[in-house]
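Biologist: Could you walk me through the empty spaces and the ring contacts in this one? I'd like to start with the pockets.

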Amino acid sequence: MNINTNYQNISDSYLFSTIAKKVNEFSKANPDKEIIKLGIGDVTLPLCKIVVKALKDASEEMGVKETFRGYGPEQGYDFLREKVQAYYKNHNVNLDIDEIFISDGAKSDLGNILDLFSTENTVLVPDPVYPVYVDTNTMAGRKIVYIDANAQNEFLPLPDESIKADIIYICSPNNPTGAVYNKEQLKKWVDYAIKNNAVILFDSAYECFITDKELPHSIYEIEGAKNCAIEFCSLSKMAGFTGTRCGYTIVPKDIENGLLNKMWLRRQTTKFNGVPYIIQRGAEAVFTLDGQKEIQENLNYYKENAKIISDTLKKHNIWHIGGKHSPYIWLKCPNNMTSWEFFDYLLENVQIVGTPGSGFGKNGEGYFRLTSFGSRENTIKACERLDKFLK
Ligand SMILES: *Cc1c(COP(=O)(O)O)cnc(C)c1O
């Protein structure tokens, strides 16, 4: 056999292992100092009560002969697809049930969708970027071109007619920067995609953090998007499903005369056997009125944390974006420090751990990501330390 040599081209991700190593070394040398982690990209609040009840009830059903379920539909049960359909309807997006595919999360689908596209395609990704987009395409051997997200364009790059690409990744609200595209900006991407016969892979994993009524939650709020965009969303950040696993992918029938929708169904029915019934019942509960109320409380908790961090940075004139419609705060390292210099500076002086921006691409150099997923207590404590130290 021959191995897939493209794997030799994936760069080893040293980002999180280097962070862990530095933190361990510091702890060993300073056992009396308490470290606060504001680098985590995982939620910390538990599942809401109504979800837990639905999971328990569904488990009971599975233990009774009359209500036991075996294989379900690969694309998800209709009870959940209808809830997703109604959720989109709230943003004035009309979807057919068979355009909605339930999955075990956005990350798997973002990688798996590439089965539908030729390896000859060129891929366009913004820099800095969520590493999954780059690594999955590198594994398949596709050519990747980058578009710069930087302070000049407020980390929201717009299409460049001189760049030709077939597959375009957009993540809004963005990880790692927290930047959000408005409707006019997204329209430019949709127009560009249609003109170039390209497909947009739109990652809306953080849409639930958007509070401004004018900002789009879904790319399908933009005219023409159903002709060129596939959307990926997840209950991970929305409802704390990072360990429970459930998401959904929208493949409109208007793209390529329904061909992509058909191909994705074929792909999923061949390579995937569906999300567990129990989990789908838990996900269904998220979309009920009570579920939405409960998850909103959790989202508000994270947003208040973000505000506390942002207010502290503002007070000390540290340039930053994000936090408002996202759990991420993206700041410019003060005094022209590099991302890693600032990492060491925070660890040594105030024992706060964040994520160096350079780990997300060359344009991340000199920037730093903090997250609002910590506890309120730790977030306040971290900000008090920063405030005192920066005086
Ligand atoms: C967390 C995250 C996801 C969600 O992934 P899941 O597999 O659904 O947990 C998707 N995209 C981005 C950019 C993320 O940060």
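Modeller: Before the pockets, one definition: a pocket is an open set of grid points with protein on both sides within 12 Å along at least five of seven lines, and its lining residues have an atom within 4 Å of a point. Please also keep in mind that this is a predicted model.

Biologist: Fine. Which residues lie nearest the centre of the largest pocket?

Modeller: Phe 16, Tyr 130, Pro 131, Val 132 and Phe 360 lie nearest the centre, out of a lining of 41 residues. The volume of this largest pocket comes to about 950 Å³.

Biologist: Which helices supply at least two residues of that lining?

Modeller: Helix 1 (15-29), helix 4 (106-112), helix 5 (131-140) and helix 7 (235-239) each do so, and helix 5 provides the largest share, with 6 residues. Both domain 1 (5-47 + 291-390) and domain 2 (49-288) contribute at least three residues each to the lining of the largest pocket.

Biologist: And how does the lining of the largest pocket split by class?

Modeller: There are 18 nonpolar, 13 polar and 10 charged residues in the lining of the largest pocket.

Biologist: OK, what about the second largest pocket, what's its volume?

Modeller: The second largest pocket holds about 570 Å³ of space. It is lined by 23 residues, and the closest to its centre are Tyr 87, Asn 90, His 91, His 217 and Gln 292.

Biologist: Which helix gives the most there?

Modeller: Helix 10 does, with 5 residues in the lining of the second largest pocket, while helix 3 (78-89) is another element that supplies at least two. By class, the lining of the second largest pocket consists of 8 nonpolar, 8 polar and 7 charged residues, and at least three residues come from each of domain 1 (5-47 + 291-390) and domain 2 (49-288).

Biologist: Switching to closed space: how many cavities of 30 Å³ or more does a search find?

Modeller: A search of the whole structure gives 4 cavities of 30 Å³ or more, and the largest cavity contains about 130 Å³ of space. That largest cavity is lined by 17 residues, of which Pro 126, Phe 155, Pro 157, Asn 174 and Tyr 181 are the closest to its centre. Two elements give two or more residues to its lining, namely strand 3 (122-127) and strand 5 (167-171), and strand 5 has the largest share, with 4 residues.

Biologist: What classes of residue line the largest cavity?

Modeller: The lining of the largest cavity divides into 15 nonpolar and 2 polar residues, with no charged ones.

Biologist: And where does the second largest cavity lie?

Modeller: Domain 1 (5-47 + 291-390) and domain 2 (49-288) both give residues to its lining, so the second largest cavity lies between them. It holds about 50 Å³ of space, and its lining includes Val 43, Lys 237, Asn 298 and Tyr 302. The elements giving two or more residues to this lining are helix 7 and helix 10, with helix 10 supplying the largest share, 4 residues.

Biologist: You mentioned Tyr 302. Is Tyr 302 buried or exposed?

Modeller: Tyr 302 is buried, with a relative accessible area of 3%, where the cut-off for buried is under 20%. Ring pairs also link Tyr 302 into a cluster with Tyr 206, Phe 209, Tyr 301, Tyr 328 and Phe 373.

Biologist: How many aromatic pairs does the structure hold?

Modeller: It holds 25 aromatic pairs. One of them is the edge-to-face pair of Tyr 302 and Phe 373, at 4.9 Å centre to centre and with 90° between the planes. Tyr 302 lies in helix 10 (residues 289-315) and Phe 373 in the loop between strand 13 (367-371) and helix 12 (376-390), so this pair ties together parts that are 71 residues apart in sequence. Phe 373 is buried, at 0% relative accessibility.

Biologist: What geometry do Phe 342 and Phe 368 have?

Modeller: Phe 342 and Phe 368 are paired edge-to-face, at 5.0 Å centre to centre with 85° between the planes. Because Phe 342 belongs to helix 11 (residues 339-350) and Phe 368 to strand 13, the pair ties together parts that are 26 residues apart in sequence. Phe 342 is buried at a relative accessible area of 4%, and Phe 368 is buried at 0% relative accessibility.

Biologist: Last thing: which ring does the charged end of Arg 69 sit over?

Modeller: The charged end of Arg 69 sits over the ring of Tyr 77, 5.1 Å from its centre. Arg 281, in turn, lies over the face of Phe 79, at 3.6 Å from the ring centre.

Terms used: Residues are numbered from 1 along each chain as its sequence is written. This is a predicted model: local features need pLDDT of at least 70, side-chain atom pairs count only at pLDDT 80 or more; totals for chains, interfaces and linings use all residues. Side-chain values use heavy atoms; hydrogens and water are left out. Rings of Phe, Tyr and Trp (its six-membered ring) pair if their centres lie within 6.5 Å; planes under 30 degrees apart count as stacked, over 60 as edge-to-face and the rest as tilted. Buried means under 20% relative accessible area, exposed over 50%, partly exposed in between (1.4 Å probe, protein chains only). A charge sits over a ring if NZ of Lys or CZ of Arg is within 6 Å of the ring centre and within 35 degrees of the ring normal. On a 1 Å grid over the protein atoms alone, a cavity is a set of points where a 1.4 Å probe fits but cannot get out, and a pocket is an open set with protein on both sides within 12 Å along at least five of seven lines; lining residues have an atom within 4 Å of a point. Grid points are joined across faces, edges and corners, and a volume is the space filled by probe spheres set on the points. Ala, Val, Leu, Ile, Met, Phe, Trp, Tyr, Cys and Pro count as nonpolar, Asp, Glu, Lys and Arg as charged, and the others, Gly among them, as polar. Domain bounds come from an automatic or database domain assignment.
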